[in-house]
Amino acid sequence: MSDNTEFQMPKPDPALGRLNFLVGTWTLAGSTVPGPMGPATEVTGWETCEWLDGGFFLLHRWETRFEVGGHEVRDTGYEFCDYDPAAGEYRTHFFNSLGPYDASNSHYSGGFDGDALVVTGPARITRRPNGDGTVTVDSDIPTGDGTWLPMMSYLLTRSA
């Protein structure tokens with residue numbers, strides 16, 4: 001018995017298009033906030049975001065530099081972003097140079113609050129596009145009572 005059904009390539013969920021504001025190469029500049037990580041310190045670096053072939057995953061790469069306890073920290077990493085239509089959530093999964101892989105600390109999920117992408121895991125990361133083409137990124141840590149404490153804020157500026 002033959003099946004005349006042709007194979008159809010899957011198509012990315014249209015909701016993934018909302019992530020297009022992140023696509024590009026960026027320089028970053030900002031600072032940590034005084035708190036559990038220590039006093040405020042300058043944060044610099046770069047980020048890139050590009051679609052993997054097929055358009056199902058946004059690949060985010062970065063390198064940041066900041067100081068903790070008088071020592072410069074260089075953090076590099078990769079993050080994969082996708083969309084789960086069944087849950088109606090954007091998901092991220094990242095790997096970085098600050099320590100061994102821990103599945104409980106590398107998964108985030110969330111959605112859009114207006115035009116800002118907000119994903120939550122061990123921290124909350126908000127990426128908000130600005131009218132001038134820059135993107136503001138805020139990272140908050142949980143306080144344990146359901147509220148969040150700012151940890152870091154930086155501005156992404158598109159590189160030439």
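This report describes the strands, pairings, salt bridges, cysteines and surface of one predicted chain.

The structure is a predicted model, in which local features need pLDDT of at least 70 and side-chain atom pairs count only at pLDDT 80 or more, while totals for chains, interfaces and linings use all residues. Residues are numbered from 1 along each chain as its sequence is written, and side-chain values use heavy atoms, with hydrogens and water left out.

## Overall architecture

The chain contains 0 helices and 10 strands, where helices (H or I, at least four residues) and strands (E, at least two) are DSSP runs numbered from the N terminus. Read from that terminus, the elements follow the order β-β-β-β-β-β-β-β-β-β. The C-alpha trace spans about 70 × 40 × 30 Å along its principal axes. The accessible surface, computed by the Shrake-Rupley method with a 1.4 Å probe and, for residues, with only the protein chains shown counting as cover, comes to about 9400 Å², of which 55% belongs to carbon and sulfur atoms. Of the 160 residues in the chain, 34% are buried; buried means under 20% relative accessible area, exposed over 50%, and partly exposed in between, with a 1.4 Å probe and protein chains only. Contact is taken as heavy atoms within 4.5 Å, and among contacts between residues at least 6 apart in sequence, 33% join residues at least 24 apart.

In the segment before strand S1 (24-32) lies Gly17, which counts as partly exposed because its relative accessibility is 36%. The C-alpha atoms of Gly17 and Glu6 are separated by 27 Å, although these residues are 11 apart along the chain.

## Strands S8 to S10

Two strands are said to pair if DSSP finds at least two bridges between them. Strand S8 (residues 124-129) and strand S9 (residues 135-142) do so in the antiparallel sense over 6 bridges, and S9 in turn pairs with strand S10 (residues 148-158), again in the antiparallel sense, over 8 bridges. The hairpin of S8 and S9 has 5 residues between its strands, and Gly133 in the turn has a positive phi of about 90°. In the hairpin of S9 and S10, which also has 5 residues between the strands, Gly144 takes a positive phi near 100°. Pro142 has Trp148 in S10 as its bridge partner.

Within S8 lies Thr126, a buried residue with a relative accessible area of 11%. Leaving aside its neighbours within four places in sequence, Thr126 is in contact with Ala116, Leu117, Val118, Thr136, Val137 and Asp138.

## Salt bridges

A salt bridge here is a side-chain nitrogen of Lys or Arg within 4 Å of a carboxyl oxygen of Asp or Glu, and by this rule the count comes to 8 salt bridges. Some of the pairs are listed below.

| Pair | Closest N and O atoms |
|---|---|
| Asp84 and Arg91 | 3.7 Å |
| Asp115 and Arg128 | 3.5 Å |
| Arg124 and Asp140 | 3.0 Å |

The salt bridge of Arg124 and Asp140 links distant parts of the chain, with Arg124 in strand S8 and Asp140 in strand S9, 16 residues apart. Arg124 also stands opposite Asp140 in the strand pairing; Arg124 is partly exposed at a relative accessible area of 24%, whereas Asp140 is buried at 9%. In the salt bridge of Asp115 and Arg128, both residues are partly exposed, Asp115 with a relative accessible area of 39% and Arg128 with 36%. Arg91, the partner of Asp84, is likewise partly exposed, at 35%. Separately, Glu63, Arg65, Glu72 and Arg74 are linked in a network of salt bridges.

## Cysteines

The structure holds 0 disulfides, a disulfide being a pair of cysteine sulfur atoms within 2.5 Å. For Cys49, the closest cysteine sulfur is that of Cys81, which at 6.7 Å is too far for a bond. Both residues are buried, Cys49 with a relative accessible area of 7% and Cys81 with 6%.

## A nonpolar surface patch

Leu52, Phe57, Tyr78, Phe80 and Phe95 make a nonpolar surface patch of about 430 Å². Patches are made of residues with over 30% relative accessible area and no salt bridge, like charges being joined within 9 Å and nonpolar side chains (Val, Leu, Ile, Met, Phe, Trp, Tyr) within 5 Å. One of the patch residues, Phe80, lies in strand S4 (residues 71-84) and, at 30% relative accessibility, counts as partly exposed.
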